[in-house]
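Dear colleague,

I am passing on the structure we spoke about, together with some notes on what I found when I went through it. Please look at it first and then read on.

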Amino acid sequence: MTCFPTIHPNKCLRSRLNSFDCTDCRQACRSGAIEVEPSIAVDPEACTGCMLCAAACSAGAIEEEREDFCELLAGLKDLEHPVIGCKGCPDVRAHKTVECLGCLSDEYLIALEALVPHSVQLNATRCGGCRNGFVVEVIEKRLERLRRLGISGDGQGVLLKRSEDVLVYHEKEWSRRTFLFSIGQRTSRSRVKVIFPRDEDKSTARVNKFLPFQRKLLNAVLPQLPGEQYERLWAEHYYDIFLSDSCDSCCRCAAMCPTGALNRKRENGRKQLEFRSLLCSGCSLCSSFCPVDAIEVRKTGSKSPEQQPCSA
Ligand code: SF4
């Protein structure tokens, strides 16, 4: 049975700004199932459930069930040879399954790499016979990006397994920590709760502000990475804004920003913009909206959060 992505039309950036022409989800879709006019929608007849649209949407307008991913992380953490498979293959050899491997975006793969101690194997041995088999190539490219980031290395980290010969799967794995297995389970679950606390949205609780789950995931992973990986993730997946002289500090971009990364504040009686990289999804809505074309959004490059001039 095809599982459709969950659509939140009110989170689509096009619904915030009519002239914003983001089509990331439609470009990612291989079956022409996504419509963005007059508002985002999925054609259930055409959708094959590959979830590439969800992985492509940086605004969180098309999402996975977040509890599912937390559960998945918790369930894999204590295994020595953890395997993820696809729900579309009922008898696939895997400890945990997702709707389609295509849902494992860069952010999800980074989280699997950083938060699961042993190499996670993606069981793609059945993908060849599936109508969504094209996702295997997409995942290869995502893993290649991880390798370039230095987050995954040769034979280490998240591994794509296309053949049963190379898949290492033990239905019930009892590591030397078996004795503490149940305690470990509880610990891993509570850790996931720590990573994704229920009240995490408080920092962006202003009206219409919403931090996409994939961004929360990166923010949870970032402090857990060792120095060089931390720097690379920060440089490649976080953003900074640059204001030109034409900025007249009207601060209307702060109202437009969907995540709360931009804020209006008063200093010495003057309106000023405050920016927090950790909340910025890099959507560029502020830049598209700015009436005097004063905002440029760029990847942070090599700067760390402490060096951000406007970071809180
Ligand atoms: S600061 Fe700009 S680029 Fe970043 S999330 Fe807000 S609107 Fe998007």
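Which residues touch the most other members of the largest nonpolar core? Please bear in mind throughout that this is a predicted model. The core in question has 74 residues, and those that touch the most other members are C53, L101 and A111. Helix 5, which spans residues 106–115, gives this core its largest share, namely seven residues. If residues up to four places away in sequence are left aside, L101 touches C86, L122, A124, C127, V135 and I139.

For the chain as a whole, the protein has eleven helices and twelve strands, and 35% of its 312 residues are buried. Taking the contacts between residues at least 6 apart in sequence, 70% of them join residues that are at least 24 apart.

Helix 6 deserves a closer look. This helix runs over residues 135–149 and has 15 residues, and the distance from its first C-alpha to its last is 21 Å, close to the 21 Å expected at 1.5 Å a residue. Its buried residues are V135, V138, I139, R142 and L143. Seen down the axis of helix 6, these buried residues fall within an arc of 135°, so they line one face of the helix. An α-helix has 3.6 residues a turn, so residues three or four places apart point the same way. On the other side of helix 6 the exposed residues are E137, E140, K141, E144 and R148. The cover over the buried residues of helix 6 includes helix 3 (52–56), helix 5, strand 7 (121–123) and strand 8 (159–161). After helix 6 comes G150, with a positive phi near 80°. Two of the buried residues of helix 6, V135 and I139, are also among the residues that L101 touches.

Helices 8 and 9 can be taken together. In helix 8 (residues 213–221), the buried residues are Q214, R215, K216, L217, L218 and V221, and what covers them includes helix 5 and helix 9 (227–237). In helix 9 the buried residues are L233, W234 and H237. They cover an arc of only 100° around the axis, which puts them on the same side of helix 9, whereas G227 and E228 are exposed on the other side. The cover over the buried residues of helix 9 includes helix 6 and helix 8.

As you may want to set up the ligand, here is what surrounds it. The shell has 14 residues, of which C257, A261, C280, C283 and C286 come nearest to the ligand. Strand 9 (239–243) and helix 11 (285–289) each supply at least two residues of this shell. By class, the residues around the ligand are ten nonpolar and four polar, with no charged residues.

Several loop positions have backbone features that you may wish to check. The peptide bond from E37 to P38 is cis, with omega near -5°, and P38 lies in the loop between strand 2 (34–35) and strand 3. In the loop between strand 3 and helix 3 we find M51, a residue other than glycine whose phi is nevertheless positive, near 70°. Is M51 buried or exposed? M51 is buried, because 26 other C-beta atoms lie within 10 Å, and the cut-off for buried is 20 or more. The loop that holds M51 also holds E45, between strand 3 (41–42) and helix 3, but E45 is exposed, with 8 other C-beta atoms within 10 Å. The C-alpha atoms of E45 and A33 are separated by 7.8 Å, although these residues are twelve residues apart along the chain.

The loop between strand 9 and helix 10 (252–256) contains C251, which is not a glycine and yet has a positive phi of about 65°. With 16 other C-beta atoms within 10 Å, C251 is partly exposed. D248 has its place in the loop between strand 9 and helix 10 as well, and counts as exposed, with 10 C-beta neighbours inside 10 Å. From D248 to K271 the C-alpha to C-alpha distance is 9.8 Å, with their positions 23 residues apart in sequence.

With best regards

Technical notes
Residues numbered from 1 in each chain as written. Predicted model: local features only at pLDDT ≥ 70, side-chain atom pairs only at ≥ 80, totals over all residues. Helix = DSSP H or I, 4+ residues; strand = E, 2+ residues; numbered from the N terminus. Buried ≥ 20, exposed ≤ 12 C-beta atoms within 10 Å, placed from the backbone. Contact = placed C-beta atoms within 7 Å. Core = buried A, V, L, I, M, F, W, Y, C linked by C-beta atoms within 7 Å. Near = placed C-beta within 6 Å. Nonpolar A, V, L, I, M, F, W, Y, C, P; charged D, E, K, R; others polar. Expected span 1.5 Å × (residues − 1). Arc of directions from axis to C-beta.
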